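Q: Could we go through the charged residues in this structure together? I would like to begin with the salt bridges and then turn to the surface.

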Amino acid sequence: MDKLKKIIGLIVVTLMSLALLVIGLDIFFRINLMDYLKNNVISIEKDVDGVTIIEPAEMVSFDPTVFDPFTRQRLNNFYEGLVRPDEDLTMEPSLAVSWGLINDNTWEFTLRNGVKFHDGSDMNIDDVLASFDLAKSSDKSQLKDLLSTISSIEKIDFKTLRIKTVKPDPLLLQRISTVYIVPKTFDIKNPIGTGPYMLPAGKVDLNDLKLDRFADYWGDLPKFKSVNFLTIQDSNYRLRAFLTGEGEILNYVPYDLASNVDVQMYDLGRVPSLEVQFLLFNFHGKIFQDVEARKAVKNSLDERFFAKFLGDYVNGVSQFISKGVFGYNSEIEKNDDTHGDTLIPEIKSFIESKKLAGTKISVLLPYGLDTLGEFVSASFEKVGLQASIQYVRGEYYEETLRKIKPDLYFMAFKSELGDASDFLNSVVRTDAQYNFNGYSNAVLDDLIEKQSVSMDEEKRLDLLKEAMEIVTAEDVIGVPLFEYDLLFASKKELNFKPRIDGAIYLKDL
């Protein structure tokens with residue numbers, strides 16, 4: 001998995017979200033949208049057996065090794081893996097009916113009988129082996145890093161395979177859930193999967209993707225005979241299309257337009273994004289070598305006030321992972337009472353005692369986060385500090401971080417696997433790929449290593465919680481800021497319940 005693309009992608013999504021939250025909906029559009037809806041009664045004859053889902057971004061391709069979330073939103077209904085996450089991100093059977101541990105490094109999986117590909121051919125174990133080889137070895141695969149803990153995959157018999165890992169891997173099921181099973185002779189020009197929906201004959205339009213129900217699907221057939229994924233990137237037009245009947249489900253409702261969704265007519269669901277936005281301190285410089293200085297600056301930034309300012313669908317956070325992520329430490333939230341103007345005199349006194357009054361703190365933010373910059377500047381001014389803010393475009397962000405090493409910088413991270421280890425291994429661990437701030441703690445590194453090989457779920461949870469306590473409350477490596485909710489609108493008769501991972505599995509509707 002290309003984590004750099006993920007992090008840059010998260011920054012871009014954050015910019016879009018904040019821009020929508022801050023600028024609000026243009027008055028002219030509000031008036032014209034309401035007039036449009038009042039004066040244009042549209043009668044649309046739709047196939048009651050079909051469903052249209054309106055998406056904010058186009059899919060990349062039918063490549064089964066792509067990890068782009070908007071692409072997988074569609075492909076989850078076309079391809080399948082051995083296992084898949086349920087609505088709580090717990091792994092459940094899919095093309096494998098069962099699995100178990102032979103030892104800490106060896107997993108055994110039993111394949112499901114009677115699975116057919118969309119061309120009518122039977123799925124067999126050789127297809128599974130070829131699919132894993134494609135995901136692990138293809139030059140274009142975005143899953144290679146994610147599957148790097150797998151050392152070998154062995155065929156035991158016609159329906160049994162064993163996966164061996166380099167070391168015990170408690171997240172193996174989550175990792176292999178990303179591997180779509182395709183025929184051994186897979187051709188991207190003629191994509192074939194085992195999912196409940198298949199491509200109809202004719203031209204494929206990725207922006208207006210139409211899929212038909214697969215009659216020979218191994219499981220219960222989905223209720224809809226067809227599905228249409230319609231891409232509309234402009235948020236205003238996307239909402240208008242939904243409200244005028246062009247779709248039954250609207251993914252990622254724009255925050256500033258949510259008030260236009262009549263909850264008497266539609267369901268408006270919300271789930272945490274699993275993505276946290278935060279600031280990190282630079283341990284290379286002199287200012288933040290002192291943990292008390294880091295605590296003072298952290299306490300000067302009231303993230304709850306800032307989140308409240310951003311809007312109803314943004315929540316202040318107390319740590320670097322979302323509540324829905326395995327490893328979240330609720331004790332940190334209980335003990336996080338360092339907020340409000342009552343602390344300002346104390347912080348200001350500390351700043352003066354350390355002879356830091358008037359010190360310029362260099363802050364690096366992605367281009368477009370002006371609101372965050374203003375918040376940081378105003379907060380620093382209250383306690384006697386100055387913020388020297390530099391804005392950089394997302395595509396140059398990592399390069400700039402490596403070059404100038406600012407005192408404080410912005411990052412966003414989404415726990416794709418629903419597990420805190422992703423953040424710890426990617427951002428916090430000594431020499432981690434995205435540890436730009438020079439933070440290092442041998443005790444923490446040991447905790448990260450122990451949890452990565454622990455097959456005892458309770459013990460592993462305790463290790464992750466301890467690690468989060470260290471980085472958040474003891475060493476104070478940064479300032480958790482906020483996370484935003486994902487919004488979904490749907491017609492009430494669908495009884496659509498959004499999942500915490502944002503995925504849509506049509507056979508569940």
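The exchange below concerns salt bridges and surface charge in this predicted model.

Q: How many salt bridges are there?
A: The count comes to 21 salt bridges.

Q: Which residue does Lys225 pair with?
A: Lys225 forms a salt bridge with Asp49, and their closest N and O atoms are 3.5 Å apart.

Q: And where do the two lie in the chain?
A: Lys225 sits in the loop between β9 (208-213) and β10 (226-231), whereas Asp49 is in the loop between α2 (27-39) and β1 (50-55), so the salt bridge ties together parts 176 residues apart in sequence. Lys225 is partly exposed, with a relative accessible area of 44%, and Asp49 is also partly exposed, at 25%.

Q: Next, which residues are linked in a network with Arg84?
A: Arg84, Glu92 and Asp508 are linked in a network of salt bridges. The closest N and O atoms are 2.7 Å apart for Arg84 and Glu92, and 3.0 Å apart for Asp508 and Arg84. The latter pair links distant parts of the chain, with Arg84 in strand β2 (residues 83-85) and Asp508 in the segment after β18 (478-491), 424 residues apart.

Q: Is Arg84 buried or exposed?
A: Arg84 counts as buried because its relative accessibility is 11%, under the 20% limit. Its partners count as partly exposed: Glu92 at 23% and Asp508 at 45%.

Q: Changing topic, which residues gather in a patch of negative charge on the surface?
A: Asp456, Glu457, Glu458, Asp462, Glu466 and Glu474 do.

Q: Where is Asp462 placed?
A: Asp462 is in helix α15, which covers residues 457-474.

Methods
Residues are numbered from 1 along each chain as its sequence is written. This is a predicted model: local features need pLDDT of at least 70, side-chain atom pairs count only at pLDDT 80 or more; totals for chains, interfaces and linings use all residues. Side-chain values use heavy atoms; hydrogens and water are left out. Patches are made of residues with over 30% relative accessible area and no salt bridge: like charges are joined within 9 Å, nonpolar side chains (Val, Leu, Ile, Met, Phe, Trp, Tyr) within 5 Å. Accessible areas come from the Shrake-Rupley method with a 1.4 Å probe; for residues, only the protein chains shown count as cover. A salt bridge is a side-chain nitrogen of Lys or Arg within 4 Å of a carboxyl oxygen of Asp or Glu. Lys and Arg count as positive and Asp and Glu as negative; His and the chain ends are not counted. The place of a charge is taken as NZ of Lys, CZ of Arg, CG of Asp or CD of Glu. Helices (H or I, at least four residues) and strands (E, at least two) are DSSP runs, numbered from the N terminus. Buried means under 20% relative accessible area, exposed over 50%, partly exposed in between (1.4 Å probe, protein chains only).
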